[in-house]
Amino acid sequence: MKNEKIKTQIIKPFDPWGSPYCTCPKKFSFDPYTGCGHKCIYCYATSYIPNFYFPRRKKDLIKKVKRDLEKIPENSLISISNSSDPYQPLEKKYGEFRECLKLFLNYNFRILILTKSDLVLRDVDLLKKLRCAVTITITTLKEKIYKKLELFAPPPQKRFEALRILAKNKIPTGLRLDPVFPSLTENEIEEIVKKAKEVGVLHIVGSTFKPRVDSWKRFEKVFPKIAKKLKPLYFERGEKIKNSWYLPEELRRELMEKIFSVCQKFKISFATCREGFFDLKSAKSCDGSHLIL
């Protein structure tokens with residue numbers, strides 16, 4: 001049965017907007033909440049989800065998830081979340097995603113969790129019972145930068161500690177070095193990969209900043225000097241693909257090759273995300289789903 005033919009309400013076939021650069025495997029996408037409270041200035045989801053920075057619960061979430069799970073084929077890959085963080089502040093208050101994880105225990109699915117929060121540690125007891133992997137995003141180690149990029153997300157140090165504890169509990173972990181910003185965070189690549197290795201990360205996903213109209217305006221406002229330098233690279237020498245602006249190919253390749261090289265040095269598998277560099281890959285999947293048993 002193909003994902004496209006399954007009619008579900010809330011756990012839907014992953015749609016990469018027809019991007020020619022997407023190398024993700026066939027999977028389902030599940031966002032337990034609408035919008036996100038981390039308020040990362042580079043977020044692309046603000047361009048298509050109204051009032052994104054004012055997150056809210058989904059009506060009858062648990063009831064709808066129960067119905068959807070009955071329709072999804074066994075062994076399907078479910079990616080959580082691609083638009084909003086499942087462990088954002090709302091989850092700490094309501095715990096609805098934890099209830100969803102309890103439902104997953106009754107099915108033979110592969111679960112890939114994407115987050116920026118150490119709140120994931122609350123659910124180690126459930127994750128140990130699931131076929132799952134956890135990937136945590138880290139863009140920078142510098143406090144003065146991350147506080148501007150990711151306003152209300154937990155500090156990078158807490159995220160690394162979460163990765164360490166997950167790995168200690170034999171839960172496969174990945175790190176999303178995403179997005180990489182030229183002239184702002186690119187010089188931190190080796191240090192981040194080195195720390196990832198130290199805490200037991202098995203796979204790294206790399207990707208460059210691909211602004212849309214609204215995210216560029218936010219970036220320009222917060223980092224005016226860097227934005228002035230990058231503007232001609234994106235909007236004169238770069239290209240627009242599916243509503244996102246890309247850096248020139250040679251610059252994107254240079255950044256991704258740097259991560260690839262460092263990952264080889266520390267013996268961690270690597271893949272790019274929506275970059276089109278299919279040769280810069282040393283893993284069976286780009287998203288880290290190959291880590292799931």
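How far apart along helix H8 are tryptophan 216 and phenylalanine 219? Keep that question in mind as you look through these close-ups of a predicted model.

**View 1. Tryptophan 216 and phenylalanine 219 share helix H8.** The two residues are three residues apart in this helix, which covers residues 213-222, so about one helical turn separates them. Their rings form a tilted aromatic pair, with 5.7 Å from centre to centre and 40° between the planes. Both side chains belong to buried residues: tryptophan 216 has a relative accessible area of 6%, and phenylalanine 219 has one of 1%.

**View 2. Ring pairs build a cluster around this part of the model.** Here you can follow Trp216 and Phe219 to their partners in the cluster: Tyr42, Phe181, Phe209, Phe223, Tyr234, Phe235 and Trp245. Across the whole structure, a search finds 18 aromatic pairs.

**View 3. The largest nonpolar core has 75 residues.** Phe219 turns up again here, listed with Phe30, Ile78 and Ile204 as having the most contacts inside the core. Helix H10, residues 249-265, gives the most to this core, with seven residues.

**View 4. Isoleucine 78 and its contacts beyond its sequence neighbours.** Setting aside residues within four places in sequence, isoleucine 78 is in contact with Ile11, Phe28, Phe30, Leu69, Ile72, Phe104, Phe109, Arg110, Ile111 and Leu112.

**View 5. Lysine 27 and arginine 57 each lie over a ring face.** Lysine 27 is found over the face of phenylalanine 14, at 4.8 Å from the ring centre. Arginine 57 lies over the face of tyrosine 94, with 3.8 Å to the ring centre.

How values were computed:
Residues numbered from 1 in each chain as written. Predicted model: local features only at pLDDT ≥ 70, side-chain atom pairs only at ≥ 80, totals over all residues. Heavy atoms only, no water. Core = buried A, V, L, I, M, F, W, Y, C linked by side-chain atoms within 4.5 Å. Buried < 20%, exposed > 50% of the residue type's maximum accessible area, 1.4 Å probe, protein only. Helix = DSSP H or I, 4+ residues; strand = E, 2+ residues; numbered from the N terminus. Contact = heavy atoms within 4.5 Å. Phe/Tyr/Trp six-rings, centres within 6.5 Å; stacked < 30°, edge-to-face > 60°. Lys NZ or Arg CZ within 6 Å of the ring centre and 35° of its normal.
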